[in-house]
Amino acid sequence: MLENRIDRRILKENLHNESFKRQTISFYKYFEINNPTEFRNQVYEQWFALNCFGRIYVAHEGINAQMSVPEDNMAEFLKQLYAIPQLTNVPIKQAIEDDGKSFYKLTIKVRPKIVADGLPDNTYDLSKVGKHLTALEFHEAIEEPEAIVVDMRNHYESEIGHFKNAFCPDADTFREEILMVLEKYKDEKDKPFLLYCTGGIRCEKASSFLINNGFENVSQLYGGIIEYAQQIKKLGIESKFYGKNFVFDQRLGESVDGQVISHCHQCGKPADTHTNCANDDCHLLFIQCDDCKTKYEGCCCDDCKTVIQLPLEDRKKLRVQHHQKYADSKIFKSRLRPKLKADI
Ligand SMILES: [Zn+2]
Ligand SMILES: [Zn+2]
């Protein structure tokens, strides 16, 4: 089995002790892969040999990769990557804030889709996608009076950072979001739509779906927030993206303009650090400030804090009750975000 089975703590320690630098990069490409497992095994062997880490998804519809590559191996990595015919010159994005500690092992998974869309296949056509706008074009297009800016990410992502005037659907799945957009703007299909997401991969599908549903003027931010953040830094212009860009690695977010636009879910103070509840049976993804982290010992509530002190047997008994309680409570339901997944 091509898999790394060493203990997580040891792997993290190894990463910490590395004497060389790593670069955090990402790329994706929609293209037909006939045998995803075979493809997966081939790239696993190559990238393992180059000491690459990361989280990569392979599906019939393409590849989506977030990786950290040792700087010294970057040239060889790119050479091998570009040697795959469909990936020749695939755009590579560099992370905004990069300490090279984004991943501590290599995981490549075969999935039904690289972006889990929950939509029937015939409801979009990836050969007809929205117009790609550069960061600067997008930056200017936002100001057009008719423009409708839509955040195609999940609520827990847009909560800590989003574009000026953006509609941020309060939803946790791609399917929910896109259907909300469809419903909300069903009478404005002729307006200019500006879509964005983290790196662009979700907008390819979202724009394709909207076009298929009669939207006439759909554009998307090419390269996503990651590319935008780099371009505005390079060009020295003021960001129209406020707050933090949520990322799916150990860091959970990288600041774009230094502002904190969200609040601690426990005390309401400004905060933008996501955490998963320390009670593994709960694992709620939520925003917690440093004070509350100490006070609740990394948990989402007093109940979970009590639970983590208990012996394992007692915890198991409580598990069922706990879940029921939260599923029933309206207040908490609005906060009940899914376990952090990294499929997009
Ligand atoms: Zn707090
Ligand atoms: Zn909890």
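The following dialogue examines how several descriptions of this predicted model are justified.

Tutor: This is a predicted model, in which local features need pLDDT of at least 70 and side-chain atom pairs count only at pLDDT 80 or more, whereas totals for chains, interfaces and linings use all residues. Residues are numbered from 1 along each chain as its sequence is written, and chains are lettered from A and ligands numbered from 1 in the order in which they are written.

Student: Why is His 283 called partly exposed?

Tutor: A residue is buried if 20 or more other C-beta atoms, placed from the backbone, lie within 10 Å of its own, exposed if 12 or fewer, and partly exposed in between. His 283 has 15 C-beta neighbours inside 10 Å, and therefore counts as partly exposed. His 283 lies in the loop between β13 (274-276) and β14 (285-287), strands being DSSP runs of E with at least two residues and helices runs of H or I with at least four, numbered from the N terminus.

Student: What makes the phi of His 283 worth noting?

Tutor: Most residues other than glycine have a negative phi. The phi of His 283 is positive, near 60°.

Student: Which class of exposure does Glu 297 fall into, and why?

Tutor: Glu 297 counts as partly exposed because it has 13 C-beta neighbours inside 10 Å. Glu 297 is in the loop between α9 (290-295) and α10 (302-309), and its phi is also positive, near 50°.

Student: How do you know that the span of helix α7 is close to the expected one?

Tutor: The expected span of a helix is 1.5 Å times one less than its number of residues. Helix α7 (residues 201-212) has 12 residues, for which 16 Å is expected, and reaches 17 Å from its first C-alpha to its last.

Student: What makes α7 mostly covered?

Tutor: Of its 12 residues, 10 are buried, among them Ile 201, Cys 203 and Phe 209. The buried residues of α7 pack against elements including β1 (22-30), α6 (174-184) and β10 (217-221), where contact requires C-beta atoms, placed from the backbone, within 7 Å.

Student: Why are β4 and β5 called edge strands?

Tutor: Two strands pair if DSSP finds at least two bridges between them. The open sheet has 5 strands in the order β4-β1-β3-β2-β5, with mixed pairing. Its edges are β4 (93-94) and β5 (106-110), each of which pairs on one side only.

Student: How do you know that β1 and β4 pair?

Tutor: The two strands run antiparallel and are joined by 2 bridges, and the definition asks for at least two. Gln 94 in β4 is the bridge partner of Ile 25.

Conventions:
Two residues are in contact if their C-beta atoms, placed from the backbone, lie within 7 Å.
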